[in-house]
Structures are given as structure tokens and as C-alpha cells.
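Student: Could we go through some of the labels attached to this structure? I would like to see how each one is earned.

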Amino acid sequence: MFDKLKKKVDDSVVGEKAEALVDKAGDVVATAAAKVPGHGAGHGVGREKFTDSGAKPGKKQVDKSGTPLLSVRDLKVHWPTDDGIVKSVDGVSFDLYEGQTLGIVGESGSGKSVTSTTIMGLNRGTNAQISGAIDFDGDDLLTIKEDRMRELRGRKMAMIFQDPLSALHPYYTVGAQIIEAYKVHHPKASKKEAREHTIDMLARVGIPSPQKRVDQYPHEFSGGMRQRAMTAMALVNDPKLLIADEPTTALDVTVQAQILDLMLDLQQEFKSAIIIITHDLGVVADVADDLLVMYAGRPVEKGDVYDTFATPQHPYTVGLLNSMPRLDEARREQLDPIPGNPPSLINLPRGCSFAPRCAFKHLVPGDRCDTEMPDLRHFGDQEARCFLTAEQKAEHMKPAQTRTIDGADAASTTGAAHTGSAGAADAHGATKVGD
Ligand SMILES: Nc1ncnc2c1ncn2[C@@H]1O[C@H](COP(=O)(O)OP(=O)(O)O)[C@@H](O)[C@H]1O
Ligand code: SF4
Ligand SMILES: [Mg+2]
């Protein structure tokens, strides 16, 4: 059945198909990422950030003094439908600097993927109503011509998807696709150079026998190997920005850690900026410098990962943290943190989107939570979209758990939360949240 597919694709055919491949996949793929110093492969990626003392000594220094590489301002992506306007993204703003890793978390349907596909220009030409501004390294991504967008995609910015098959074409060898992704942006490179570079990339993402694998088809790769191949394709042009949308969800823990480690390795090498979208706060604890928590199309909390884990400023974030798996529990694929569901994006509540599920809204005088939408407000270096005062949060918003995210323990899962006692937490050097 696969004989035809296995027929080696002639170079000229590959050349001819270049546009098609780029249309279907190449544009969308490609990466650049890397490892923070000292992060061993296989586990414990990025864990030096959290220590027994609660300090952040291993924390990577991100220089935020200059112009951000990526600046997203009041991004809105609305889809008119027969039932009304779906406000998938409704006012997202953030900056991302060279070498910085931003984690975006939130339940399904909170607008994470639409935010990232809009940055990549993949919602152009659809019926999406897009407004706001996205500045990327001197280009305004919402207004540049499609030709320029295509130039940037795959070369300067790239995306890794949850499902590698969405980026790898089944009819072409893995090598042919990576070679093509490279050649499109390096037209002067010879076929031999492109092939050698591709084999090198396959080796770097940990694919054994890359000389042989380069000529194999996606179906001959296991799921983990396909994910690596897609990562190689994403990284082949050393892009400045990598967006990884739930890149590890379908992978087992070991492969997941290796892929994350690889991304951080490449980040170190190329100073790339990374956006990692995930359901899994443990992954965020592993690799991200900063965290953006999305709820119903809007950021509800922003801040340094360490600070956010230690002192979350929004009730939703508290719920997410409380839902993190314990070390002694089987790993959970999805978070289901808080009773109830997110609101319909067509009929968002008039007030705070989280009000129908919020256990703290009685603390806010009157019916303000139900009638007025809170803006993002600063609480020290952190920001949260909530009317509660800092004092109210300190007194009442106590997660049921203390948090352990240190090098030793968290490495056995991906950043675990304990519901145990303060004593147990202390034993692991936990940052205790609440009382
Ligand atoms: N083309 C579209 N038309 C209408 N609604 C859409 C479209 N694409 C996404 N949505 C909706 O936007 C919301 C956010 O989607 P998404 O960004 O994929 O969420 P997630 O946070 O899970 O990645 C979802 O409710 C989804 O159904
Ligand atoms: S504004 Fe009110 S309803 Fe919204 S999160 Fe804060 S306390 Fe809860
Ligand atoms: Mg998504």
C-alpha cells in the first residue's frame, strides 16, 4: 500500500512541489529554540529556576531593556457566525524579548491557538475580524503583504503543532520536506548542502541514524520521532521566534522532556524567543520565564513564572495551580481545575468573565463582578484582571496546597503541587502559598 509513497521523490519533483509543500506545511513549521545552561536532557528541564530556598538563582536573565522582538497589542480576533460573533481573542497584549520563553496557559477554547495562528498570519484570508497590532522585529504582522509574511514564516518565525502530521506531508520523505523548507529560504544553497544541513538537524533533534532516516516517510516514524522531525523542520532556519502549540501533549513524559530540552538548547544557541502553549503548568514551570494565563479570550494574569506560582494574583490561576497533579498521582493529560465551564465566547458575561465560577466574588462589594469588566491591574510586578485588593488576596485567596518546584522532586513529574502539610512542603523546600 505504501509502495508508491516509498518511491523516492526525484529532486526535480521536490523542487516543483516546493510551493505546495510550503503552502501546506513549510510555512507553518520551523523553529528555533534552545537549552538554558546546565539543563540536563531527559528530565528536569529548566528546573534551576526554583530552589530549596525559594530564591531563583538559576533563573535565566532575559534582557528586557530594549525593544521587544514581538509586541502584541490589544489583539482581537472575532469570527462572525450564524449564531453571533465568536470573540476568540479579545484584547491580548504582551511583549516577548530575545531569549525569553513565555508560557501561555488556559483551558481549551481560551484563545491560545487563535492568538498564535494569528501571529503566524494563518488567519489571513479567512472571515476573521482581526484588530490590534503585532510588531515583530520591525514588521507589522497585521498589515504587511502576504509575500513578506511568507518570507518571515519558516525563516524568522516558526510554529510547532501538537500533531506533527499536520505539518508533515505523507507523500514526501521527511528529508525532502526539511530540505525544501531550508532551500526556500536559502535559494543559493546546493542540494548537497541542504541535505547535509538536514541530516545534521535530524541528528540534533535526536533522531538515530539520520543518514537513513532522511529518506524515510513520515509513516515510518513513530509519534515521538515525527515530533522530532517536525521540530527539526521548524528549527532548520534558526528562526528568531518559535511558537510551540501544545507540542508535547501527545508524547510520553520522557520524549516530552527531551523535546522541551531540545527547544531550550536551541534557544541558548540562537537567542530565540519561544512561546509555549500548554495545558500543563508543569511544563511551564519547566521551561518558561514568564506566564500568561488566558481565560475566555483574554489574559487574566501575567507575570514571572516563579512569582505567579508563589503568589498567584487571580482566582483562576489559583484554581489552575490547585489542579496540578500530585507527585503520587498518575499524570493527567488535561487540567479540569474549577467546577463549571468557561462562558460562551458569543455571549460573554457583562462583568468579569470568570464571575460565574469564582469563589471569591462575594468579597467584592456590590455586584461589581457581575456588572463591570476588570482591567488588568498591577500587583507589584504581576498583573491580574480582578477587583480583589492585594490585602483581600493575602487574607482569603489561599490555595489548598503548598507548592514544590525544586530541582529534585519536581523532576519526577513536571512541576508538582502538594496538597500536603507545610512540613512536607518544607522538606522539599516548597514555596508555600497562602498561610
Ligand atoms: N474559524 C473559527 N470560527 C469560529 N470560532 C472559532 C474559529 N476558530 C476558533 N474558534 C473558536 O475560538 C475559541 C478559541 O479557540 P482556540 O484558540 O483554538 O482555543 P485554545 O485555547 O484551546 O487553543 C474556541 O471557542 C473556538 O471554537
Ligand atoms: S473580579 Fe470578581 S469575579 Fe472576577 S476573578 Fe476577581 S473576584 Fe472573581
Ligand atoms: Mg489550542
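Tutor: Happily; below, we set values against cut-offs, one label at a time, for what is a predicted model.

Student: Let's begin with the overall picture. What makes up the protein chain, and how much of it counts as buried?

Tutor: The protein chain has 16 helices and 14 strands. Of its 435 residues, 51% count as buried. Among contacts with a separation of 6 or more, 71% join residues 24 or more positions apart.

Student: Why is Met 263 called buried?

Tutor: Met 263 has 30 C-beta neighbours inside 10 Å. The label needs 20 or more, so Met 263 counts as buried. Met 263 lies in helix H9, residues 253-270. Its C-alpha atom is 9.1 Å from that of Val 205, and the two residues are 58 apart along the chain.

Student: And Asp 238: how do you know whether it is buried or exposed?

Tutor: Count again: Asp 238 has 20 other C-beta atoms within 10 Å. The rule says 20 or more, so Asp 238 is buried. Asp 238 is in the loop between helix H8 (223-235) and strand S7 (241-245).

Student: What is notable about the phi of Asp 238?

Tutor: Phi of Asp 238 is near 50°, a positive value in a residue other than glycine. Ala 296 also has a positive phi, of about 50°, although Ala 296 is not a glycine. Ala 296 sits in the loop between strand S9 (290-295) and strand S10 (298-304). With 23 C-beta neighbours inside 10 Å set against the cut-off of 20, Ala 296 counts as buried.

Student: Why is Pro 210 called partly exposed?

Tutor: Pro 210 has 19 other C-beta atoms within 10 Å. Buried needs 20 or more and exposed needs 12 or fewer, so Pro 210 is partly exposed. Pro 210 belongs to helix H7, residues 210-213. Not counting residues up to four places away in sequence, Pro 210 touches Ile 199, Leu 202 and Ala 203. The C-alpha atoms of Pro 210 and Asp 200 are separated by 7.7 Å.

Student: What label does Asn 127 get, and why?

Tutor: Asn 127 has 9 other C-beta atoms within 10 Å. Exposed means 12 or fewer, so Asn 127 is exposed. Asn 127 lies in the loop between H3 and strand S4 (129-136). Leaving aside neighbours within four places in sequence, Asn 127 is in contact with Trp 79 and Pro 80. From Pro 80, 47 residues away along the chain, the C-alpha distance is 7.3 Å.

Student: Now the helices. What makes H5 and H8 roughly parallel?

Tutor: The axes of helix H5 (residues 174-185) and H8 come within 9 Å and cross at roughly 20°. Angles under 35 degrees count as roughly parallel, so H5 is roughly parallel to H8. The contact is made by Val 174, Gln 177, Ile 178 and Ala 181 of H5 and by Ala 229, Ala 232 and Met 233 of H8. By class, these contact residues are 6 nonpolar, 1 polar and no charged. The crossing of H5 with H8 is right-handed.

Student: How do you know how H8 is oriented to H9?

Tutor: H8 and H9 pack at an angle of about 10°, with their axes 11 Å apart. Since the limit is 35 degrees, H8 is roughly parallel to H9. H8 contributes Gly 224, Gln 227, Arg 228, Thr 231 and Leu 235 to the contact, and H9 contributes Val 255, Ile 259, Leu 262 and Leu 266. Those residues divide into 5 nonpolar, 3 polar and 1 charged.

Student: Last, the ligands. Which classes of residue form the shells around ligand 1 and ligand 2?

Tutor: The shell around ligand 1 has 4 nonpolar, 8 polar and 1 charged residues. Of its 13 residues, Trp 79, Ser 88, Lys 112, Ser 113 and Val 114 come nearest. The largest share, 3 residues, comes from H3. Around ligand 2, the shell divides into 12 nonpolar, 1 polar and 1 charged. Here 14 residues surround the ligand, and the closest are Cys 352, Cys 358, Lys 361, Cys 369 and Cys 386. Cysteine counts as nonpolar in this scheme.

Key
Residues are numbered from 1 along each chain as its sequence is written. Chains are lettered from A and ligands numbered from 1 in the order in which they are written. This is a predicted model: local features need pLDDT of at least 70, side-chain atom pairs count only at pLDDT 80 or more; totals for chains, interfaces and linings use all residues. A residue is near a molecule or strand if its C-beta atom, placed from the backbone, lies within 6 Å of it. Helices (H or I, at least four residues) and strands (E, at least two) are DSSP runs, numbered from the N terminus. Axes are lines fitted to C-alpha atoms, for helices over the stretch in contact, and angles run from 0 to 180 degrees between N-to-C directions. Angles under 35 degrees count as roughly parallel, over 145 as roughly antiparallel, 65 to 115 as roughly perpendicular and the rest as oblique. A crossing is left-handed if the near helix is turned anticlockwise from the far one by less than a right angle, and right-handed if clockwise. Two residues are in contact if their C-beta atoms, placed from the backbone, lie within 7 Å.
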